[in-house]
Structures are given as structure tokens and as C-alpha cells.
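Trainee: I am new to this structure and would like to be taken through it step by step. Please start with whatever I need in order to follow the sheets.

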Amino acid sequence: MCTLRLILCKSNIYKPNPKENRPINARFFVFLWPCLNNYLICRVIVFSQLQFRQNTILIMIDQSIFQNKTASYYTLGCKLNFAETSAIGRQLLQAGVTRARKGQKADICVINTCSVTELADKKGRQAIRKVIQENSDAFVVVTGCYAQLKPEDVAAIEGVDLVLGAEQKLDVVKYIDDLHKKDKSEVVTSKTHRIRSFVPSVSADDRTRYFLKVQDGCDYFCSFCTIPFARGRSRNGSIEDLVKQAHQVVEEGGKEIVLTGVNIGDFGHTTKENFIDLLKALDEVEGIERYRISSIEPNLLTDEIIDFVASSKRFAPHFHMPLQAGSDAVLKLMKRKYDTALFRHKVEKIKKALPHAFIGVDVIVGVRGETDTYFEESLEFIRSIDFSQLHVFTYSERPGTQALQIDYAVDPKTKHARSKALLDLSDERLRQFYASQQGETRKVLFEHTKRGQRMHGFTENYVKLYADYDPLLINRILDVKVGAYDEDEMAMNAEF
Ligand code: SF4
């Protein structure tokens with residue numbers, strides 16, 4: 001017996017032609033008939049442009065177009081994007097689309113882009129062109145931050161059929177009505193400030209570590225950053241739903257989950273919950289052996305969270321905080337919400353509660369306003385704190401950001417020299433941290449590895465260890481002695 005279900009969603013549709021680039025404010029009614037063999041067939045109708053109510057049209061989606069089709073996925077940028085691409089893949093799989101094998105031409109290609117720097121935009125364009133060249137008959141969908149920020153630029157690339165913005169990203173199936181190549185790409189985006197939806201997503205990195213999206217968007221508007229324009233305001237899943245996702249990971253055999261988001265410490269905006277309660281609820285999920293908090297703003301990493309991690313059953317002694325600059329004057333120009341004194345306190349608090357904790361720190365070099373004196377101040381501050389590794393980013397100008405109003409710009413050569421100075425410092429500290437762990441017995445999760453290659457895993461405090469290939473080690477957490485430093489791998493050797 002068939003059941004009729006009605007799903008209502010709302011979206012603004014934009015056409016690529018600038019003259020038509022205005023929302024038609026459509027409401028989609030999608031009728032889904034679960035039919036024979038559990039195939040979901042959405043044979044939806046011929047009501048073209050039917051006025052149902054004012055500003056409302058009825059659009060029918062035929063899911064049979066997806067049967068026996070294959071798709072390939074390309075992701076640029078952060079772990080959040082990877083988690084979301086994985087959610088898109090699951091959605092298409094439910095509609096009948098299987099993943100194309102390596103080297104096989106796909107019927108649908110989905111490219112999930114990033115726009116964190118100018119270089120990311122460029123890489124996005126290159127990736128789109130390459131995918132189109134290799135899959136000339138495929139229906140090409142481009143989404144992600146670059147598609148949200150520059151939809152017209154993406155639509156102008158020959159061979160792109162559909163451009164979806166941040167709000168539409170996790171509803172790909174709804175926006176494909178046939179798989180024929182289009183003469184002109186269709187663009188569907190929403191104004192960023194209107195983005196409210198949150199679809200939890202989880203992905204497995206190399207089928208070992210899982211990345212669980214707990215939060216999206218950001219309300220901070222740091223002066224150099226375009227992320228709030230690309231991903232919208234801060235929003236999150238409910239603790240209940242996220243715990244369900246963690247149970248799902250257990251069912252799939254996952255042992256470790258990394259919590260991801262844009263500004264995860266800000267968790268709770270939409271559900272009136274808070275981040276520490278999420279951590280406490282996840283800590284109770286039997287079967288997950290450990291969690292990591294991917295990156296958290298220092299002002300949102302409360303002492304209570306640090307104490308909780310220190311006493312928790314499953315949270316790893318591993319923190320990652322964006323410092324961005326070690327000069328208070330530059331932090332002010334960046335409109336960051338903390339100063340160096342607060343950052344120092346957080347590092348000291350972590351090290352007091354968890355002396356063996358790994359602390360990763362993000363730094364941006366060459367932002368507008370970073371004079372030689374400020375950079376020296378920054379370097380001195382960074383040297384004075386007990387971090388384990390730096391992630392160094394070189395500032396690139398982003399249209400529409402407040403930072404462009406700052407007069408002093410750093411030349412490329414100086415940016416390069418500053419980046420090198422910090423990377424050298426990072427290498428030195430990482431070696432020191434690894435050396436401090438030599439001889440300790442730690443818990444290592446060995447990751448999926450191609451047969452015959454050396455395999456690696458990470459300790460709870462994020463020391464990378466290499467071992468000879470042994471399939472029995474894969475996806476198991478084992479007590480392993482941290483051996484000597486391996487110069488070639490820039491990691492430690494595992495001793496059993
Ligand atoms: S906290 Fe600042 S840098 Fe981070 S996403 Fe938000 S605006 Fe961007």
C-alpha cells in the first residue's frame with residue numbers, strides 16, 4: 001500500500017541572467033510515493049507554473065531519473081565540507097545513485113567548493129573545469145562557499161548545469177529535475193542572512209575517523225573573514241539529534257569522532273542548548289572510544305570545558321585554537337574577541353589540567369595593519385606559549401571584508417618571510433612535543449591503509465605514529481609505545 005507524504009520547503013530561485021536575477025519566491029510541494037522494492041518514485045506532475053496560492057508554484061520531481069545512475073564527488077576546503085559532501089552522497093544514494101568507481105565516468109558530478117582565500121576560489125575553478133573535461137556528459141552540480149559567494153562566476157563556467165548555495169547544498173535531489181546537460185546553468189541560492197537550515201552530517205575520513213558537523217555559520221564577522229557571508233548565521237543541530245548520529249557511527253563501526261563546525265563553541269544558538277551539555281551527552285555514547293574537538297575560539301573554550309575534557313571518559317587531550325595574531329593591536333584590527341592575555345591563560349589552563357595535551361594553534365600572517373613591529377610582537381608572544389604545532393595561513397584579500405579599509409598592506413615577499421619564520425618555529429615545537437612523548441605508552445587508532453604501505457595512526461594526544469602494514473591493526477585502538485622519530489615521515493615509530 002502506498003502512503004502519500006507531503007513535504008513543503010521554501011526557497012528563492014535565481015536565474016543566471018542578471019536581468020532575471022531576482023527571487024521568484026517559490027514553494028515546492030514534493031509528493032513522494034514509496035513504491036515497489038522500496039524505491040522512492042516521485043512521479044510529479046505536469047502542473048507547470050500552477051498558481052496554487054499567491055507566489056506559489058507546484059513543482060514535481062521525478063526520482064526515477066536517478067535509478068542506476070552514478071555520481072562522483074569532489075570536495076575542497078575544510079572538514080565541514082567533507083562531512084557535507086558525504087551527506088549529499090548519502091542523499092543521492094537513497095535516491096538510487098551509486099558512487100562511481102575510480103576512473104569510471106559518472107552521470108552526476110558534485111563539486112563542493114571553498115572560498116576561504118583567493119587561492120581557494122582559483123582551485124575551485126580549476127577543479128570544476130577538470131571535472132567537466134573528464135566527464136563531458138555528466139550533469140555537473142557546484143555548491144559550497146564559492147558557489148554561495150560568487151554564483152554568477154561559477155554559472156559562467158561552460159559545462160556547469162546547476163549552482164546551489166549554502167541553504168540548498170544538502171537538498172541536491174530536490175533541485176535536479178532531469179539529468180540532461182543544460183545550455184545555461186541554473187542558479188539557486190538564498191541570501192546568506194536568510195540561511196537558517198541545519199542538516200547534521202557525518203563523514204568518515206579514510207573510513208576510520210568520523211567528522212560530525214554539530215554547528216554551522218558564524219556571527220562573529222572578523223574583519224578578514226568571508227565565512228559568515230558564505231555560510232550564514234550561527235546555527236546548530238539539537239543534542240538529541242547529534243547523539244543519534246553518534247550512535248549511527250557506532251553502528252557503522254566507527255571508533256573516533258571529530259566534532260566540526262564553523263564556530264563550534266557557539267553551539268546552542270538555535271536550540272537554546274550549550275556546548276558543554278553536548279560534550280557531556282556525547283561522552284555517554286557507548287561504543288565511541290574517543291572524541292576530538294576540532295577547533296574552538298579561545299574565548300569560547302571555557303575553563304569548565306577544559307576541566308570536563310580532563311575528567312571525561314572519551315574526550316581526547318587535544319585542543320586546537322585560532323590565535324590568528326600574537327599582537328593585541330592586530331587582534332583588535334581583526335575584530336577578534338579576545339586578547340593575548342586570555343589566550344595565554346587558556347594554554348596554561350590546558351597544560352595544568354592535561355600536561356600531555358596537544359595544542360594546535362592557527363595563525364594568519366600578513367594581514368592588513370600587521371607592521372614589522374606588530375609581527376615581531378606576535379612572534380615573541382607565540383614563542384612564549386606552550387603550543388605543539390602551528391597552522392600558518394597567509395592573508396589574502398577578500399572582497400567585501402572590513403579589513404580592506406585598513407591602509408597598511410603587507411607585500412608578498414614579507415608575507416612569505418613571516419610565514420617561513422612561523423613554520424620553522426612550528427617544526428621545532430612539533431619535534432619537541434613528539435620527543436617528550438617518546439617511551440610513553442599511548443592509545444593509537446590505526447587508520448585504513450592500502451595493502452603493503454606503511455600504516456599510521458594517532459595517539460589520543462595527536463602524536464602520529466607509523467607501523468609496518470598489518471591489516472589486523474586497522475580501525476583498532478591499541479596500547480602502543482611511542483618509539484623514535486622517523487625523519488622521512490616526520491612522525492614517530494610505533495613499538496609493539
Ligand atoms: S570566528 Fe571569525 S574567523 Fe572564524 S568563521 Fe567566524 S568570522 Fe570567520
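Mentor: One definition comes first: two strands pair if DSSP finds at least two bridges between them. Please also keep in mind that this is a predicted model.

Trainee: Understood. What stands opposite methionine 321 in β17?

Mentor: In β17, valine 361 is the residue opposite methionine 321. Methionine 321 thus gives us a way into the pairing of β16 with strand β17 (residues 358–365).

Trainee: How many bridges do β16 and β17 share, and is the pairing parallel or antiparallel?

Mentor: There are six bridges between β16 and β17, and the pairing is parallel. In general, the strands of a sheet pair through backbone hydrogen bonds, in either a parallel or an antiparallel manner.

Trainee: And the sheet they belong to: which order do its strands follow?

Mentor: The order is β16-β17-β18, an open sheet of three strands with parallel pairing. At its edges are β16 (318–324) and β18 (389–394), each of which pairs on one side only. On average, neighbouring strands of this sheet are turned by 20° against each other, with direction ignored.

Trainee: Is the sheet with β19 open or closed?

Mentor: That one is a closed barrel of five strands, running β19-β20-β21-β23-β22 with mixed pairing. Its neighbouring strands are turned by 55° against each other on average, direction again ignored.

Trainee: Which strands does β19 pair with there?

Mentor: Strand β19 (residues 441–446) is joined to strand β22 (residues 477–486) by five bridges, and the two run antiparallel. Within that pair, lysine 443 has aspartate 479 of β22 as its bridge partner. β19 is also joined to strand β20 (residues 455–459), by three bridges and likewise antiparallel. Here phenylalanine 458 of β20 stands opposite leucine 445.

Trainee: What about β20 and β21; how many bridges do they have?

Mentor: They have four, and β20 pairs with strand β21 (residues 464–467) in the antiparallel sense. As one instance, glycine 457 has leucine 465 in β21 as its bridge partner.

Trainee: Let us turn to the helices. At what angle do α8 and α10 cross?

Mentor: Helix α8 (residues 303–311) and helix α10 (residues 340–353) cross at roughly 20°, and their axes come within 10 Å. Since angles under 35 degrees count as roughly parallel, α8 is therefore roughly parallel to α10.

Trainee: Which residues make that contact?

Mentor: From α8 they are Asp303, Ile306, Asp307 and Ala310, and from α10 they are Lys349, Ile350 and Ala353. By class, the contact of α8 with α10 comprises four nonpolar, no polar and three charged residues. The crossing of these two helices is right-handed.

Trainee: Then α6 and α7: how far apart are their axes?

Mentor: The axes of helix α6 (residues 239–251) and helix α7 (residues 275–283) are 10 Å apart, and the helices pack at an angle of about 35°. The crossing of α6 and α7 is right-handed. Ile239, Leu242, Val243 and Ala246 of α6 meet Asp277, Leu278, Ala281 and Leu282 of α7. Seven residues of this contact are nonpolar, none is polar and one is charged.

Trainee: One last topic, the ligand. Which residues are around it?

Mentor: Around the ligand are Cys218, Tyr220, Phe221, Cys222, Cys225, Ile227, Pro228, Val262, Asn263 and Glu297. This shell divides into eight nonpolar residues, one polar residue and one charged residue.

Key:
Residues are numbered from 1 along each chain as its sequence is written. This is a predicted model: local features need pLDDT of at least 70, side-chain atom pairs count only at pLDDT 80 or more; totals for chains, interfaces and linings use all residues. Axes are lines fitted to C-alpha atoms, for helices over the stretch in contact, and angles run from 0 to 180 degrees between N-to-C directions. Angles under 35 degrees count as roughly parallel, over 145 as roughly antiparallel, 65 to 115 as roughly perpendicular and the rest as oblique. A crossing is left-handed if the near helix is turned anticlockwise from the far one by less than a right angle, and right-handed if clockwise. Two residues are in contact if their C-beta atoms, placed from the backbone, lie within 7 Å. Ala, Val, Leu, Ile, Met, Phe, Trp, Tyr, Cys and Pro count as nonpolar, Asp, Glu, Lys and Arg as charged, and the others, Gly among them, as polar. A residue is near a molecule or strand if its C-beta atom, placed from the backbone, lies within 6 Å of it.
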